[in-house]
Amino acid sequence: MIDPFAIEDGTEVPPPSGPAPEDLLAGLNPEQTEAVRTTEGAVLVLSGAGTGKTRVLTTRLAYLLAGGFVQPWQCLAVTFTNRAAREMRERVTEIVGADAASVALGTFHSLGARMLRRDGERIGLPRDFTILDADDQLRLIKQVAVGMGLDPKRWPPQALSSVIQRWKDRGVGPDQVGADPGAEYAGGRAVAVYRAYQDELARLSACDFGDLLLKCLELFRAAPDVLARYQRRFRYILVDEYQDTNVAQGLWLKALSMGHRNLCCVGDDDQSIYSWRGAEVGNILRFTHDFPGARVIRLETNYRSTGHILAAASALIAHNADRMGKTLRPASGDWGEKVKVRGVWTGEDEARVVVEEAEALQRRGTPLSEIAVLVRAGYQTRAFEERLMSQGVPYRVVGGPRFYERQEIRDAVAYLRLIRQPADDLAFERIVNLPRRGIGDATVEQVRERARATGTPMTRAAEEMIARNDLSARARGALSRFLADVGDWRAFAATADARGLLSEVLEGSGYLDMWRQDKSPDAPGRVENLKELLAALDEFADLGEFLEYVSLVMENQGGDETDRLSVMTLHAAKGLEFDRVFLPGWEDGIFPNQRALDETGAKGLEEERRLAHVGLTRARKGVTVTFAAARRIYGQWQNNMPSRFIDDLPEDHIERISESGMGGSLPLARSAAPAFAAAPPSVGAAGKEGAYARGQRVFHDKFGYGEVRAVDGNKLEIAFDKAGLKKVMAGFVAPA
DNA sequence: CATCTACAGGTTTTT
DNA sequence: CCTGTAGATG
């Protein structure tokens, strides 16, 4: 590594590579220019939706580098998502070239992990610690809590886990909990669970996601020299999505920036929608207090949306009290279309109407990829999926499980982890009986018991139990066969490359065969994913490096070029934009969500409103807000009032649409609803009952060809050739 | 130890 | 309504 002091000595400043800094400013507006050029000191760039935030961020980084006054590795750029990090790296590379490669650029978590790998030994964290994801974390907390005698029914591990995570988000270790919120949870024993969980993590040489920051803070406290080194090194720090940082991340940034004090945070308090995940809007609201003398620069010129959309969004968000205040101004004078507000009778009507409008837009030339349906909660996607599927409109649901969160990937990774790290008990437990090899819960429990009693890893405990003949003959045989296999793989790992190793493991263990023989419809996809994992391994010489990549960075392969409409949650839509956006389910209780209201009151309502603001500002040219008078939720008919957010939209900028042929009696104002007390008329949207008969051959988009076994109204029971017996709505199949 | 049945519970989820 | 999990059963 290059000596960071080479530049500060001022002797050999390398000549600027690429463009001159001032040339980069062409095309920026005055605020953007100011945000780029104010390189010294603390700067908060309040960047409203569509105001060119990414452009400012990348230009600012390029501007620093292009001057040649700072080495790339003296710049720290922090994002939340890998996607954002990748995009920033790509865009800066386009501007300044290869220099961009050595900028310390990444997510909070990956940068934290890098620091801990380097210096974590100073706080007793081995260099090769394992990174646990949410699933591992939950299993471990559950184990610990149950081990302490807590009834998982009364104190769900899930809840304990979130209490502990909130502590970590706030930078609070087990010894610092004090009177922190949540301290009373589980009769005050949550703290003890936290402490035991941390002990357990230490025993496993593991960190969960929260630890990647929490342990950095601990490191900075315990080893001031290490902190000082980072402080000297990072002369310029750049942070994206600052409104989403939690307390720990805020402290992390503050600590690192104390050397040169050049900290630039970009964010938008009006897009803070992750407080329930520990994000602390206070970080942005208190910025000038935390960094006295800080400059605040507002970006308010919106280059994305037409006038009516912006006017509606601005008026809506103006109803929030807790904000720094910003007004989006349209860059163009184009008012465009008013925001459509459309009431319908039922949830099915809503899906039908939305899909019809989307199809009409497509006919008039809007690509499906420029149309999005943004819902409040995941369960709402279903109605739209059904309708889109039956209409044959290509669509994608964004935001399924991440690649590395998939069961099959985690299983494969667990094999690798166990091979590399025999003490990885979580990996051991995960795959010891997967595929089934006759090592049941009872046996695993015995091994765990002995491991706990003797303070050894489970692998070791299992070996000892075999040697001492502590087990039933069956279990003993199965377990020793498993351990022998792992031993063989471990030996193999010494010579083979990563891909060869995993390939051998997946075949030799029977894991791949397990999925190949599985009859469920998603099994082939899992086999595909495993192949993808194998292919990804080619890029890595070192298994450890790969495991880090898999647990922190790896994403679903995009690779989908077909023109599809997007369906996703509002949360997933943040940072994206589309020509046309549909915002369904604007009904009190759904959006704003009832639980948000119940649990966090006025604060919750404001966050819901920010979510609505995010939704509206995703659209360039058109927004359609819809609400249904009644919908079936969990099989129960429920009448709803139109969302109070509809009242926040100024009449001048919206167009209320009444359904034709429905008597014009739809509740277009809140006072008119709920519209009816009894069940609404059934629409029968899902299909033509009686169109299918037993024995008929049919085709289904997902499951392929099959034969109808039974007909029950519009539900069919079909024996699919590949996917097996399924119950399917008649609307989803076509005669074959 | 695997498979079946009963039953609770169902907001959002960047790492 | 439907899905995931706990416990009882073979």
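**Two DNA strands and a helix pair**

Okay, let's start with DNA strand C. Of its atoms within 4 Å of the protein, 43% belong to sugar or phosphate and the rest to bases. Keep in mind that this is a predicted model. The residues around strand C are K142, K153, R382, Y634 and G635. By class, that gives 3 charged residues, 1 polar and 1 nonpolar.

Now over to DNA strand B. Here 31 residues surround the strand, and the closest are G378, R402, R436, G440 and R595. Sugar and phosphate make up 55% of the strand B atoms that come within 4 Å of the protein. The residues on that surface split into 12 polar, 10 nonpolar and 9 charged.

So which helix gives the most to the surface near strand B? That's α27, with 4 residues. Both α27 (594–616) and α19 (441–454) supply at least two residues each.

A few individual contacts with strand B, if you want to zoom in. A backbone N or O atom of N82 sits 3.3 Å from a phosphate oxygen. For G438, a backbone N or O atom is 3.5 Å from a phosphate oxygen. N593 uses a polar side-chain atom instead, 3.5 Å from a sugar or linking oxygen.

Last stop, a helix pair. Helix α15 (residues 347–363) packs against helix α16 (residues 381–391) at about 50°, with the axes 9 Å apart. The two are therefore oblique to each other, and their crossing is right-handed. From α15, the contact includes E350, A351 and R352; α16 brings in residues including A383, F384 and R387. By class, this contact has 6 nonpolar, 4 charged and 1 polar residues.

Conventions:
Residues numbered from 1 in each chain as written. Chains lettered and ligands numbered in written order. Predicted model: local features only at pLDDT ≥ 70, side-chain atom pairs only at ≥ 80, totals over all residues. Heavy atoms only, no water. Near = heavy atom within 4 Å. Nonpolar A, V, L, I, M, F, W, Y, C, P; charged D, E, K, R; others polar. Axes fitted to C-alpha atoms, helices over the stretch in contact; angles between N-to-C directions. Parallel < 35°, antiparallel > 145°, perpendicular 65-115°, else oblique. Left-handed = near helix turned anticlockwise from the far one by under 90°. Contact = heavy atoms within 4.5 Å. Polar contact = N/O pair within 3.5 Å; in protein donor to acceptor, adjacent residues only side chain to side chain.
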